[in-house]
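Thank you all for coming; I would like to take you slowly through one model today. Please keep the sequence and the picture in view while I talk.

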Amino acid sequence: MNIDKATKLIAKRVKKGLQGYPSVTIQYFGDSNECASEVVIGFTEEEGIAIQAQSFSSKSDARFDETIQTTLLKIIERSDAKTVIEVAGITVK
């Protein structure tokens with residue numbers, strides 16, 4: 001799958017807003033506000049349950065890494081997440 005398609009499908013799921021559980025949260029981290037070197041995806045099956053998190057790192061910007069974006073989309077689809085939340089911007093480490 002190409003990067004544009006994966007990014008658009010993730011954005012479409014994010015725009016739906018809160019739809020209940022299970023939910024997925026995507027947050028980008030980096031050394032500056034311009035390049036995200038790491039992305040963390042968290043999965044919550046229901047309220048009050050601990051978040052299961054997995055991180056992916058990239059030498060370039062993870063937001064534009066085709067492999068990472070496709071993997072995020074597959075995780076969202078396979079977990080049957082009703083809600084997808086993307087934290088805005090890049091959190092500086």
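Let me begin with a term we will need at once: two strands are said to pair if DSSP finds at least two bridges between them. Please also keep in mind that what you see is a predicted model.

With that term in hand, we can look at the sheet, which is open, has four strands in the order E3-E2-E1-E4, and shows mixed pairing. The strands at its edges are E3 and E4, each of which pairs on one side only, and neighbouring strands are turned against each other by 15 degrees on average, if direction is ignored.

Which way do the strands run beside E1? E1 and E4 run parallel and are joined by seven bridges, whereas E1 and E2 pair in the antiparallel sense, also over seven bridges. You can follow this at single residues, for Ser23 stands opposite Thr83 in E4, and the bridge partner of Ser23 in E2 is Thr44. Further along, Ile26 stands opposite Glu86 in E4. E1 is also mostly covered, with six of its eight residues buried.

Let us stay for a moment with Thr83, whose place is in strand E4. Is Thr83 buried or exposed? The relative accessible area of Thr83 is 2%, and because buried means under 20%, Thr83 counts as buried. If we leave aside its neighbours within four places in sequence, Thr83 is in contact with Gly17, Leu18, Gln19, Gly20, Pro22, Ser23 and Val24.

Now we turn to helix H2, which covers residues 66-79. At 1.5 Å a residue, its 14 residues should span 20 Å, and the C-alpha atoms at its ends are indeed 20 Å apart, so the expected and the computed length agree. At the start of H2, a side-chain oxygen of Asp65 reaches to within 3.0 Å of the backbone nitrogen of Thr67, and just after the helix, Asp80 takes a positive phi of about 55 degrees.

Which residues of H2 are buried? They are Ile68, Gln69, Thr70, Leu72, Leu73, Ile76 and Ser79, and the buried residues of this helix pack against H1, E1, E2, E3 and E4. When you look at that list, it helps to recall that an α-helix has 3.6 residues a turn, so residues three or four places apart point the same way.

Thr70, which lies in H2, is a useful example, since its relative accessible area is 13% and it is therefore buried. Not counting residues up to four places away in sequence, Thr70 touches Met1 and Ala6. The C-alpha atoms of Thr70 and Lys5 are separated by 8.9 Å, although these two residues are 65 residues apart along the chain.

Finally, we come to the largest nonpolar core, which has 18 residues, and in which Val24, Ile26, Tyr28, Val39, Ile41, Leu72 and Ile76 touch the most other members. Helix H1, strand E1, strand E2, helix H2 and strand E4 each supply at least two residues of this core, and the largest share, four residues, comes from H2. To see one member in its surroundings, take Val39, which, leaving aside its neighbours within four places in sequence, is in contact with Ile26, Gln27, Tyr28, Gln54, Ser55, Phe56, Ile68 and Leu72.

Technical notes. Residues are numbered from 1 along each chain as its sequence is written. This is a predicted model: local features need pLDDT of at least 70, side-chain atom pairs count only at pLDDT 80 or more; totals for chains, interfaces and linings use all residues. Side-chain values use heavy atoms; hydrogens and water are left out. A nonpolar core is a set of buried Ala, Val, Leu, Ile, Met, Phe, Trp, Tyr and Cys residues joined through side-chain atoms within 4.5 Å. Buried means under 20% relative accessible area, exposed over 50%, partly exposed in between (1.4 Å probe, protein chains only). Contact means heavy atoms within 4.5 Å. The expected span of a helix is 1.5 Å times one less than its number of residues. A polar contact is a pair of N or O atoms within 3.5 Å; within protein, one must be able to donate a hydrogen and the other to accept it, and residues adjacent in sequence count only if both atoms are side-chain atoms. Axes are lines fitted to C-alpha atoms, for helices over the stretch in contact, and angles run from 0 to 180 degrees between N-to-C directions.
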